[in-house]
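Subject: Structure handover

Hello,

Here is the structure you were expecting, followed by notes on what was found in it. Please read the notes with the structure open.

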Amino acid sequence: MDRSERAGDAWQKGDVTHFIGGAWVEAESGRWYPNHSPWSGEVLGNVAAGDGEDTRRAIEAAHEAFPGWAAVVPAQRQRVFLHAAEVVERRRDEILLALALETGCGIHFGRVQVEFAAALLRQAAALAYQPSGELLPSDVPGTRAMAIRRPVGVVAAIAPWNSSLVLAGRAVIGPLALGNTVVLKPSEESPYTGGALWAEILQEAGLPDGAFNVVTHAPGEAGAIGDALLASRHVRRLNFTGSTPTGRRLAEKAGTHLKRTVLQLSGQNPLLVLADADVDYAVDAATYGAFVHQGQVCMCARRIYVERPLADRFAEAFAAKVAGLPTGDPRDPATVVGPVINEWALALLQRRVDEAVAMGARVLAGGTPAPPCYPATVLTDVPDDAEIALGETFGPVVLLEAVDSAEEAVTRANRTDLGLAASIITGDTYRGLSLATRLDAGIVHVNDQPVNDEPHMPFGGVKDSGWGRFGLGYAAEEFSDLQWVTARDQDRTFPF
Ligand code: ADP
């Protein structure tokens with residue numbers, strides 16, 4: 001189907017191809033796979049099943065486009081991003097529908113994604129006029145020394161499905177704004193909203209051909225694309241958002257190729273409720289933080305620690321609120337908990353909850369699957385060695401635990417190998433701030449829940465949650481090289 005026919009709300013019947021060198025192209029192998037809606041199961045379209053060869057074509061296109069895009073003057077670069085923000089806003093309703101159909105994303109979180117995308121593009125436009133270096137004092141008389149930021153070349157981006165528009169967007173817009181060109185590999189679960197849609201937006205906005213490329217692939221075939229991206233000498237950086245096991249594998253390979261990476265990986269995020277907290281506020285915050293987008297956000301609260309004086313009141317009010325959350329069609333504005341992404345994710349949730357219950361956990365709300373949805377679920381008395389207590393389980397399940405003190409809450413919060421986001425709810429903000437510095441997390445919010453993001457914030461984790469920071473203010477550190485340049489206006493005297 002011609003891309004122009006995809007405009008409007010007919011998009012979901014379209015096929016998704018690669019976008020290489022400004023053209024929509026099929027996989028060289030001629031293979032396709034069906035893109036299923038997690039809510040209805042219907043086939044939304046066929047997707048090009050790409051491989052390493054397609055990836056090499058995309059890298060070549062990005063490499064060829066690099067000198068041209070890097071040389072574009074700031075006013076023109078700024079116009080592209082401002083225009084792209086307008087495209088996102090104009091297509092807002094259609095994008096909300098696409099997010100719901102392709103990824104099961106409800107209206108509320110869809111709006112969050114669209115607003116983030118528009119803000120990201122406007123902030124990227126502002127980057128065009130950021131200073132690109134500094135003058136440095138030198139002890140060598142007659143030498144002028146500079147540190148100059150230069151784009152690196154081709155940046156590879158591997159993005160997940162769970163906040164497809166936002167996570168693909170932040171993976172590519174910062175690198176592009178700095179003058180790099182990009183090859184994006186979206187998830188097999190979101191080839192349109194996390195891939196081709198960005199190509200449509202940036203193409204309409206006037207980004208030069210080849211500056212942005214997308215390669216899609218069939219389920220289970222991401223490895224060949226990742227390997228081709230890492231092996232290419234033209235690809236100078238890889239950014240990855242996804243699970244810790246996949247990130248670890250990519251980091252190992254990146255080490256072999258001496259390729260710098262930004263990794264934003266799994267979270268097992270704690271929310272601490274201290275004894276002086278307002279219980280009603282804590283319940284509202286915890287409900288949002290644990291169940292927004294049916295718990296499929298990397299920052300979602302997975303563990304709630306409540307100081308004992310509040311524990312029973314909190315548990316009762318929280319379980320009652322959670323049990324009443326509307327579940328079902330993501331296109332219904334009243335729905336809070338939509339479908340999980342696929343049958344495999346549903347089965348994993350059920351297996352881990354059942355295992356915890358068999359080990360002695362109690363279910364305070366939810367716990368019985370309603371395919372394709374898993375209801376918002378609260379577990380308590382979960383043993384530390386249950387699978388669900390050990391690592392990230394992506395979905396609407398949260399563990400609740402009473403603790404004797406804020407000290408114990410911090411110790412319990414820090415017990416995992418993951419360290420993405422955390423939050424603390426307390427009547428004493430200063431105490432919250434001081435406890436925040438003791439939490440092993442890249443992101444901590446006091447008197448809020450953990451799911452927050454803004455395009456310019458230093459987003460990222462510590463420990464096994466990854467390294468490097470997304471956030472436009474920090475993108476230069478990750479996606480440009482600092483070059484030391486000197487110039488002399490007089491000859492030097494050499495010793496021999
Ligand atoms: P999730 O459980 O969120 O899907 P993954 O880490 O499996 O987390 O997926 C995140 C992204 O990583 C997706 O785009 C997926 O296709 C990609 N991916 C998965 N395995 C590999 C791999 N071996 N090499 C490169 N990318 C991969």
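Leu-258 counts as exposed, because its relative accessibility is 71% and the exposed class begins over 50%. Leu-258 is located in the loop between H8 and strand E11 (260–264). Its phi is positive, about 50°, although Leu-258 is not a glycine. Most residues other than glycine have a negative phi, and most peptide bonds are trans. Please bear in mind that this is a predicted model.

Asp-381 also belongs under this heading, with a positive phi near 55° in a residue other than glycine. The loop that holds Asp-381 runs between E15 and helix H12 (387–390). At 44% relative accessibility Asp-381 is classed as partly exposed, since that class covers values between 20% and 50%.

The peptide bonds have an entry of their own. The bond from Pro-371 to Pro-372 is cis, and its omega is near 5°. Pro-372 is placed in the loop between strand E14 (362–365) and strand E15 (377–380). E15 therefore comes up twice in these notes: the loop with Pro-372 ends at E15, and the loop with Asp-381 starts from E15.

Now the ligand. The ligand sits in the largest pocket. There are 17 residues around the ligand, and those that come nearest are Ala-159, Lys-185, Glu-188, Ser-243 and Thr-246. Three contacts to ligand oxygen atoms are listed below.

- Ala-159: a backbone N or O atom is 2.7 Å from an oxygen atom of the ligand.
- Lys-185: a polar atom of the side chain is 2.9 Å from an oxygen atom of the ligand.
- Thr-246: a polar atom of the side chain is 3.0 Å from an oxygen atom of the ligand.

How much of the ligand does the protein bury? The ligand taken alone exposes 550 Å², and the protein buries 78% of that.

By class, the shell around the ligand is made up of seven nonpolar, eight polar and two charged residues. Which elements supply at least two residues each to this shell? They are helix H7 (222–231), strand E10 (235–241) and helix H8 (244–256). H7 gives the most, with three residues. H8 appears here as a supplier of the shell, and H8 is also the helix that precedes the loop of Leu-258.

Two residues of H7 were looked at separately. Ile-225 is found in helix H7 and counts as buried, because its relative accessibility is 1%. Ala-231 is found in H7 as well, but Ala-231 is partly exposed, with a relative accessible area of 49%. Each of these residues also has a long-range distance on record here. From Ile-225 to Gly-468 there are 243 residues along the chain, and their C-alpha atoms are separated by 22 Å. Ala-231 and Ile-424 are 193 residues apart in sequence, with 43 Å between their C-alpha atoms.

Two further pairs involve helices H1 and H2. Ala-65 lies in helix H1 (residues 52–70) and is buried, because its relative accessibility of 12% is under 20%. Ala-65 and Asp-464 are 399 residues apart in sequence and 35 Å apart in space, C-alpha to C-alpha. His-83 belongs to helix H2 (residues 74–90) and is partly exposed, with a relative accessible area of 31%. The C-alpha atoms of His-83 and Pro-137 are separated by 40 Å, with the two positions 54 residues apart along the chain counted as their separation.

The last item is Thr-416, in the loop between helix H13 (406–413) and strand E17 (418–419). Is Thr-416 buried or exposed? Thr-416 is buried, because its relative accessible area is 6% and the limit for that class is under 20%. A polar atom of the Thr-416 side chain lies 3.1 Å from the backbone oxygen of Leu-418.

Regards

Notes. Residues numbered from 1 in each chain as written. Predicted model: local features only at pLDDT ≥ 70, side-chain atom pairs only at ≥ 80, totals over all residues. Heavy atoms only, no water. Near = heavy atom within 4 Å. Polar contact = N/O pair within 3.5 Å; in protein donor to acceptor, adjacent residues only side chain to side chain. Areas by Shrake-Rupley, 256 points an atom, 1.4 Å probe, with all protein chains shown as cover. 1 Å grid on protein atoms, 1.4 Å probe; cavity = no way out; pocket = protein on both sides within 12 Å on 5 of 7 lines; lining within 4 Å. Sits in = over half its atoms within 2 Å of the grid points. Helix = DSSP H or I, 4+ residues; strand = E, 2+ residues; numbered from the N terminus. Nonpolar A, V, L, I, M, F, W, Y, C, P; charged D, E, K, R; others polar. Buried < 20%, exposed > 50% of the residue type's maximum accessible area, 1.4 Å probe, protein only.
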